[in-house]
Amino acid sequence: MQISKSKDIAKIQKISIKTFVETFSFQNTEEDMKIYLEEKFSLEQLTTEVDNPESFFYLLEEDNEVLGYLKLNIGKAQTE
């Protein structure tokens, strides 16, 4: 389901942090992980991204539990 504005930011934050930690924690120090997570997955940062009209977030949910997400950037939101 596509999210609607900032309504689901807490869900995005939770699954983003979980996914990032599971994927990258073995390659990084605890301190580096803490700094990155606080910067990239803060509610303020995620709100900015969700409110960007050229970014789209989609959540995969089952039984009210978020299993994954997809972020699609277009236009100027696409930086890579």
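**Figure 1. The second largest pocket of the predicted model and the residues that line it.** The lining of this pocket is formed by Lys11, Lys14, Ile15, Lys18, Thr19, Glu22, Asn64, Glu65, Val66 and Leu67. The second largest pocket holds about 200 Å³ of space. Two elements, H1 and S2, each contribute at least two residues to the lining of this pocket. The largest share comes from H1, which provides 6 residues. Sorted by class, the lining comprises 5 charged, 3 nonpolar and 2 polar residues.

**Figure 2. The largest pocket and the elements around it.** The space in the largest pocket amounts to about 560 Å³. Its lining consists of 21 residues, and those nearest the centre of the pocket are Tyr36, Glu49, Lys71, Asn73 and Glu80. Two or more lining residues come from each of the helices H1 (9-24), H2 (30-40) and H3 (43-51), and likewise from each of the strands S1 (55-62) and S2 (65-73). Helix H1 gives the largest share of this lining, with 5 residues. The lining of the largest pocket divides by class into 9 polar, 8 nonpolar and 4 charged residues.

**Figure 3. Helix H1, its length and its two sides.** Which span should be expected of the 16 residues of H1 at 1.5 Å a residue? The expected value is 22 Å, and the end C-alpha atoms of H1 are 22 Å apart, so the model agrees with the expectation. The buried residues of H1 include Ile9, Ile12, Ile15, Ser16 and Phe20. These residues cover an arc of only 135 degrees around the axis, and therefore they lie on the same side of H1. An α-helix has 3.6 residues a turn, so residues three or four places apart point the same way. The other side of H1 carries the exposed residues Ala10, Lys14 and Glu22. The cover over the buried residues of H1 includes H2, H3, S1 and S2.

**Figure 4. Close-up of Ser16 in helix H1.** Is Ser16 buried or exposed? The relative accessible area of Ser16 is 2%, so this residue counts as buried, the limit for that class being under 20%. When neighbours within four places in sequence are left aside, Ser16 is in contact with Phe41 and Tyr69.

**Figure 5. Helix H3 and its buried and exposed residues.** Leu46, Glu49 and Val50 are buried in H3. Viewed down the axis of H3, the buried residues fall within an arc of 95 degrees, which means that they line one face of the helix. Glu44 and Thr48 are exposed, and they sit on the face of H3 turned away from its buried side. Among the elements that cover the buried residues of H3 are H1, H2, S1 and S2. Glu49, one of the buried residues of H3, is also among the residues nearest the centre of the largest pocket.

**Figure 6. Close-up of Asp51 in helix H3.** The relative accessibility of Asp51 is 35%, and therefore this residue counts as partly exposed. The class lies in between the limits of 20% for buried and 50% for exposed. Along the chain, Asp51 and Lys34 are 17 residues apart. In space, the C-alpha atoms of Asp51 and Lys34 are separated by 25 Å.

Note on methods:
Residues numbered from 1 in each chain as written. Predicted model: local features only at pLDDT ≥ 70, side-chain atom pairs only at ≥ 80, totals over all residues. Heavy atoms only, no water. 1 Å grid on protein atoms, 1.4 Å probe; cavity = no way out; pocket = protein on both sides within 12 Å on 5 of 7 lines; lining within 4 Å. Points joined across faces, edges and corners; volume = space filled by probe spheres on them. Helix = DSSP H or I, 4+ residues; strand = E, 2+ residues; numbered from the N terminus. Nonpolar A, V, L, I, M, F, W, Y, C, P; charged D, E, K, R; others polar. Expected span 1.5 Å × (residues − 1). Buried < 20%, exposed > 50% of the residue type's maximum accessible area, 1.4 Å probe, protein only. Arc of directions from axis to C-beta. Contact = heavy atoms within 4.5 Å.
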